[in-house]
Amino acid sequence: MFGFLKRAEPEIGPRVSTRFCTDSFNGKYPHVGLYDTRARRVWVCKPLAGQAIRTSHARLITGTDNATSTVWKDRFICFWFYTPRTGEGLIHGYPIEWDEAQLLVRIDPNWDYDRQKLIPAELSDQVNDNLERQFKHGERVFDFFGKCKLPYAFNLHYIGPRATDSLFYVKRVESPH
C-alpha cells in the first residue's frame, strides 16, 4: 500500500536482451538467435534495420560488460536462420541450397552448455552424451520455427567447429503450398 513491499532481486549474470531480441518470428528476415539452455527458450534477433543476420550473438546478451559478454555467450546455443535466397557460399566446404530457408545451429562436441564445462576429447562417452543433449536443444529450436507456420520450406543443419563435427540436412519442414 505504501510501497514497502520487497521487490524481487534482479537476475544476476547473463540474460537475453529484450531490446535486441524477441521470442516470436514472422518469417520475413534472416537473423541470428540464441537458445537459452537453462530456460529452454528460443530468442530471435529483431530486424535491426536489416542487420539482424550480421549482429554478433554476444551483443544479444545483457547483464555483463563487453569484456565478459563473449564468455557468457557460452551458456547459449547460437543459431542462424536464413530466409530463402539470403545466404550464399559453402558451409565448411559443403554446398547449401540457398534458394530455400536454412536453420544453422551451432554445436560443440567438447563444450557442455548445460553444465558449463569443457569435456576432454578422450572422454568419448561423455562427448557423445553431450552431443545428444545439443541435438535435443537444436530440435527445440527447429520446433520453434516449425510452429511459426512459415510460408516456405526450411532445413536444419548442425554446424560444429569443423566439417567432420557438422551434420547437414538433418531435418526439413515442407512448404505448406
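**Exercise 1. Identify the residues of the aromatic cluster and characterise the ring pairs of F145.**

*Solution.* One aromatic cluster is formed by F25, Y29, F79, F81, F142, F144, F145 and F154. The model is predicted: local features require pLDDT of at least 70 and side-chain atom pairs count only at pLDDT 80 or more, whereas totals for chains, interfaces and linings use all residues. Residues are numbered from 1 along each chain as its sequence is written, and side-chain values use heavy atoms, with hydrogens and water left out.

Step 1. Apply the ring criterion: rings of Phe, Tyr and Trp (its six-membered ring) pair if their centres lie within 6.5 Å, and planes under 30 degrees apart count as stacked, over 60 as edge-to-face and the rest as tilted. Searching the whole structure yields 13 aromatic pairs.

Step 2. Take F25 and F145: with 5.7 Å centre to centre and 80° between the planes, the pair is edge-to-face. F25 lies in the loop between β2 and β3 and F145 in helix α2, 120 residues apart, and the pair thus links distant parts of the chain.

Step 3. Take F144 and F145: the ring centres are 5.1 Å apart and the planes stand at 85°, so this pair is edge-to-face.

**Exercise 2. Determine whether F144 and F145 are buried or exposed.**

*Solution.* Step 1. Set the classes: buried means under 20% relative accessible area, exposed over 50%, and partly exposed in between (1.4 Å probe, protein chains only).

Step 2. F144 has 17% relative accessibility and therefore counts as buried. F145, at 0%, counts as buried.

Step 3. Extend the test to α2: its buried residues include V127, L131, F135, V141 and F142.

**Exercise 3. Establish the strand order of the sheet and the placement of α2.**

*Solution.* Step 1. Helices (H or I, at least four residues) and strands (E, at least two) are DSSP runs numbered from the N terminus; two strands pair if DSSP finds at least two bridges between them. The open sheet has seven strands in the order β2-β4-β3-β6-β9-β12-β13, with mixed pairing.

Step 2. β2 (21-22) and β13 (167-173) each have a single partner strand, so one side of each is left without a neighbour in the sheet.

Step 3. β12 (residues 154-159) pairs with β13 in the antiparallel sense over four bridges; the bridge partner of F154 is V173 in β13.

Step 4. With contact meaning heavy atoms within 4.5 Å, α2 (residues 124-147) packs on the sheet, touching β3, β4, β6, β9, β12 and β13. Axes are lines fitted to C-alpha atoms, for helices over the stretch in contact, with angles from 0 to 180 degrees between N-to-C directions; α2 makes about 155° with β12.
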